[in-house]
Amino acid sequence: MTAIRAPSAVARDELIVLGGADRLQAEEWNRLARRGFHLHQWFAGAERSGWNPRHLAVQGAAGLKTIIPAYLVGSGTPHDLHHRWLGPLADVVGYAGFGLQPVLSVQAPFAHVSELLGSTTGLSKSILHEIFYALEQTAEREGARAVAWPFVDTVCDRLLDVARDRGYAVLYAGATARLRVRWPSFEEYVASRSKNVRRTILADIASIGAAGLRTTLTSDFESDASQMDRLYRDAFRRRNGLASPVAPHFFQQLGRRQTPGIQAHLTWHGDRLVATSLNLSMPERLDGTFAAFSPEHRTTGVFYNDLCYEPLRMAIREGISSIDLGPTALYPKVLRGAVLQRRMILIRGTTPRRHRMLSMLGRLVARRTQQKERKALGPLWGPRCFVEQAAD
């Protein structure tokens, strides 16, 4: 690990180049993990499967205190910035000579999460400036189009202020649904819902048994990994019209290296897998990802059980304080008790021309995102949907 410092910065903490997750032991890394997407095994598995790490870390007087997860992302990265922003125009703008690959992106792998690991409130503005400077230097050296922090919560005031000071475009990136776990049992959660929502939840759950389905939650899923991989790839192609870029051995690797904080939620019809997802957990937050369903179960009780009910049961059972349900299907999540956390993207192009184009494009995408969210939420949309206004 190499110490680095911006030319004019003076700080008590020391910024170091960490590189990949394998530079640290799992115990040291996980000491700083605050959510499931922060787990060492998650990062290590992604990096064995093609993710290109450029992590930084902050060393304090008492040892390592913060990890800044960063990746050089491009065409092999699922849902990278190029495809999220440009969508169906990606090929057209590519021919025109403008693209968003590669980008140096501050994020966890396979996740819409830009949170740092470890302490963030203890970071001074000077060390934050050093972090941004080091990322910018890395982006220029690697030939990246931009530095991006794609999913920063709006409550991260000092981080947003430093980004603005450094000339970053700070733009709306969409909301994620979060559920604070405040019920001692799943039954009490159901009882806390309105009569209509309660009826919907009970009908969803009853439909699973009526269809002859069974569910399992396990960290020992190596023997099921090939079916998980096949179901996920089929679902990805139906949703996106192209093959998934996830490495073919990814699920097998995760299953082989059993980790208590990484569990597969599997739904079976006989010996046929009809739904799969991964739940990643730490005491502060549970994250779900890689959800996939057979076509006949995409909008049934199986979908909602995977989306909300089983993660909530798991969180209650393990004493996890909150669940990040993600940025999609916002209407059913809010209906079932989630609130929305707004997030911003911080982005700076590596040349003035790129930065101007990215800022203009980002404003258009932000407006489109807000319109899509409002339409998706329908009658539920309003101030009470969001964390800043939601009552306990």
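User: Why is Cys156 called partly exposed?

Analyst: In this predicted model, Cys156 has a relative accessible area of 30%. The partly exposed class lies between the limits of 20% and 50%, so Cys156 is assigned to that class.

User: What makes Cys308 buried or exposed?

Analyst: Its relative accessible area is 2%. Buried means under 20%, and Cys308 is therefore buried.

User: How do you know whether the sulfur of Cys308 is in a bond with the closest cysteine sulfur?

Analyst: The closest cysteine sulfur belongs to Cys385 and is 15 Å from that of Cys308. A disulfide requires the two sulfur atoms to be within 2.5 Å, so this pair is too far apart for a bond. A search of the whole structure finds 0 disulfides.

User: How many helices and strands does the protein have, and what makes it as compact as a globular protein of its length?

Analyst: There are 13 helices and 15 strands. The radius of gyration is 21 Å, and the globule rule gives 21 Å for 392 residues; the two values are close, so the protein is as compact as a globular protein of that length. Along the principal axes, the C-alpha atoms fill a box of roughly 65 × 45 × 45 Å.

User: What share of the residues is buried, and what share of the contacts joins residues 24 or more positions apart?

Analyst: Of the 392 residues, 55% are buried. Among contacts with a separation of 6 or more, 74% are between residues 24 or more positions apart. The accessible surface comes to about 17200 Å², and carbon and sulfur atoms account for 52% of that surface.

User: How far apart are the mean positions of the positive and negative charges?

Analyst: The protein has 51 positive and 36 negative charges, and their mean positions are 7 Å apart.

User: What is notable about the phi of Phe110, and why is this residue called buried?

Analyst: Phe110 has a positive phi of about 55°, although it is not a glycine. The residue lies in the loop between β6 (103-106) and β7 (117-118). Its relative accessibility is 12%; the limit for buried is under 20%, so Phe110 counts as buried.

User: Where does Phe290 lie, and why does it count as buried?

Analyst: Phe290 lies in strand β13, which covers residues 286-293. A positive phi of about 55° is found here too, although Phe290 is not a glycine. With a relative accessibility of 7% against a limit of under 20%, Phe290 counts as buried.

User: Why is Arg164 called partly exposed?

Analyst: Arg164 has a relative accessible area of 46%. Exposed would require over 50% and buried under 20%, so Arg164 is partly exposed. The residue is placed in helix α6 (residues 157-165). Its C-alpha atom is separated by 34 Å from that of Ala26, 138 residues apart along the chain.

User: What makes His129 partly exposed, and which residues does it touch?

Analyst: The relative accessible area of His129 is 25%; since this lies between 20% and 50%, the residue is partly exposed. His129 is in helix α5 (residues 125-142). Not counting residues up to four places away in sequence, it touches Val162, Asp165 and Arg166. The C-alpha atoms of His129 and Arg166 are separated by 8.2 Å, with the two positions 37 residues apart along the chain counted as their separation.

User: Why is Leu39 called buried, and which residues is it in contact with?

Analyst: Leu39 has a relative accessible area of 5%, and because buried means under 20%, Leu39 is buried. Its place is in the loop between α1 (26-30) and α2 (40-48). Beyond its neighbours within four places in sequence, Leu39 is in contact with Trp29, Asn30, Gly261, Ile262, Ser281 and Met282. Leu39 and His249, 210 residues apart in sequence, are 19 Å apart in space from C-alpha to C-alpha.

User: How do you know whether Ala57 is buried or exposed?

Analyst: Its relative accessible area is 0%, and buried means under 20%, so Ala57 is buried. Ala57 belongs to strand β3 (residues 55-60). Leaving out residues up to four places away in sequence, it touches eight residues named here in full: Glu14, Leu15, Ile16, Leu18, Leu64, Thr66, Ile67 and Ile68.

Conventions: Residues numbered from 1 in each chain as written. Predicted model: local features only at pLDDT ≥ 70, side-chain atom pairs only at ≥ 80, totals over all residues. Heavy atoms only, no water. Buried < 20%, exposed > 50% of the residue type's maximum accessible area, 1.4 Å probe, protein only. Helix = DSSP H or I, 4+ residues; strand = E, 2+ residues; numbered from the N terminus. Rg over C-alpha atoms; globule rule 2.2 N^0.38 Å. Contact = heavy atoms within 4.5 Å. Areas by Shrake-Rupley, 256 points an atom, 1.4 Å probe, with all protein chains shown as cover. Lys, Arg positive; Asp, Glu negative; His and termini not counted. Charge placed at Lys NZ, Arg CZ, Asp CG, Glu CD.
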